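Colleague: Could you take one part of this model and go through it closely, at a level a first-year student can follow? Please say what is buried, what it touches and how it compares with other parts.

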Amino acid sequence: MSQGSENLTLPGTILGSVRSLPPLARLLDRAASNRQRIAFAEGEDPRIVAGALAAVEADAADVLLVGKTEAVQAQLASFGATENQHISIHDPASSPLSEPLAQLFTDLRQHKGMTIERARDAVQQPLFFAALLLRAGHADGTVGGAVATTSDTVRAALQVIGKAPEAKLVSSFFLMCPPQGHSIGQEAMVFSDCGMVIAPDAAELASIAQQAAQSFKSLADAEPKVAMLSFSTKGSASHEAVTKVSEATEILRTQAPALAVDGELQLDAALVPSVAASKAPGSPLEGAANVLIFPSLEAGNIAYKTAQRFGGVTAIGPVLQGLSAPANDLSRGCTAEDVLAIIAVTAVQALDRGRE
């Protein structure tokens, strides 16, 4: 169950907390340069409302809160806010957009047997309503997952928004922000894939890595240095799992020859210069990787949670990559600060998509 708004900090405090991390502060500033419209499927959740109000306070986005009108109004009122030009409420049960969105969904999925009756039922589900707002051009990005599962959130995104034409697959990443002064020496990193593709083959792993490198460059505004991780460094172990990573590395080098990438590498060889000099002499990463590609979902998911819980690293995501428009997920254990951070990420994704 969602926590009550009385247990949440105020939007101004949330904004200050997120701005304390330089990568997120820069994302908020970029979002404020051309505020985007972000639709939230779980507009009744107090964490969503608090994070959304903080985004409005930062001029980082206009927010569309999907939910029952009275419930959303009550959450806004608990923070002393009301619906205004930057905050709109969309109740699928009464919205004049529901019928046009149902027709749009019918048209999109008719080849899969979608009927208008089934589409009308789907539109009453907040995840589908929010995704359809994006597909219809009423929003520039969408976020779910504070209450819904990742699988449900991703399903709605895939069915409504769809894969980008140039993408081989849809994957995910976490934007990882170590606390200032952390021994890792990086302000921001990308971990991928930690939320979607369970057991990628070599070609899929290369595609995930290329997407993650592009995501890092967009969000961190810095050149990616990609480490293809394994339990082996440069042939120190022999196993089919190691072979997959080394093959993926070679595929990626062929597909993106200008990209700084190395593999297979153990984590310490990717992140510690002295270890890199010993285990992987001549590596183009020189122990300063900022994009970590994990060989399986199992490894990636465990790694990001370990960094988050033991290392004090702020983990934003899972952020989806490979979709035709920004649609992102939240952990069900998210905080209002996480909500504000994913708004900034989604808004910048939308800005970059608009420039393509």
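Modeller: What follows is a close look at one helix, and then at a few other places in the chain. Keep in mind that this is a predicted model.

Start with helix 3, which covers residues 46–57. The helix has 12 residues, and its first and last C-alpha atoms are 16 Å apart. That is close to the 16 Å expected at 1.5 Å a residue. Of its 12 residues, 11 are buried, so helix 3 is largely enclosed by the rest of the structure. Among the buried ones are Pro46, Ile48, Val49, Gly51 and Leu53.

Arg47 also belongs to helix 3. Is Arg47 buried or exposed? Its relative accessibility is 5%, and a residue under 20% counts as buried, so Arg47 is buried. Two contacts involve this residue, one through its side chain and one through its backbone. A polar atom of the Arg47 side chain lies 3.1 Å from the backbone oxygen of Cys334. At the start of the helix, a side-chain oxygen of Asp45 comes to within 2.8 Å of the backbone nitrogen of Arg47. Beyond the other end, helix 3 is followed by Asp59, which has a positive phi, near 60°.

Now turn to helix 5. Helix 5 also has 12 residues and reaches 16 Å from its first C-alpha to its last, close to the 16 Å expected at 1.5 Å a residue. Its buried residues are Ser98, Leu101, Ala102, Phe105, Thr106 and Arg109. Seen down the helix axis, these buried residues fall within an arc of 145°, so they line one face of helix 5. What covers them includes helix 6 (116–123), helix 7 and helix 8 (150–160).

One residue on that list, Phe105, leads to another topic. The model has three aromatic pairs. One of them joins Phe105 and Phe128, with 5.4 Å from centre to centre and 45° between the planes, which makes the pair tilted. Phe105 is in helix 5 (residues 98–109) and Phe128 is in helix 7 (residues 126–135), so the pair ties together parts that are 23 residues apart in sequence. Both partners are buried: Phe105 has a relative accessible area of 1%, and Phe128 has one of 10%.

Ahead of helix 5 there is a loop, which follows strand 3 (87–90) and contains Ala93. With a relative accessibility of 66%, Ala93 counts as exposed. Ala93 and Gly287 are 194 residues apart in sequence, and their C-alpha atoms are 54 Å apart in space.

The cysteines come last. How many disulfides does the model have? The count is zero. Cys177 shows what this looks like at one site: its nearest cysteine sulfur belongs to Cys194 and is 14 Å away. From the other side, the closest cysteine sulfur to that of Cys194 is in Cys177, and 14 Å is too far for a bond because a disulfide needs the two sulfur atoms within 2.5 Å. Cys177 is buried, with a relative accessible area of 1%, and Cys194 is buried as well, with a relative accessible area of 1%.

Notes:
Residues numbered from 1 in each chain as written. Predicted model: local features only at pLDDT ≥ 70, side-chain atom pairs only at ≥ 80, totals over all residues. Heavy atoms only, no water. Helix = DSSP H or I, 4+ residues; strand = E, 2+ residues; numbered from the N terminus. Buried < 20%, exposed > 50% of the residue type's maximum accessible area, 1.4 Å probe, protein only. Polar contact = N/O pair within 3.5 Å; in protein donor to acceptor, adjacent residues only side chain to side chain. Phe/Tyr/Trp six-rings, centres within 6.5 Å; stacked < 30°, edge-to-face > 60°. Expected span 1.5 Å × (residues − 1). Arc of directions from axis to C-beta. Contact = heavy atoms within 4.5 Å.
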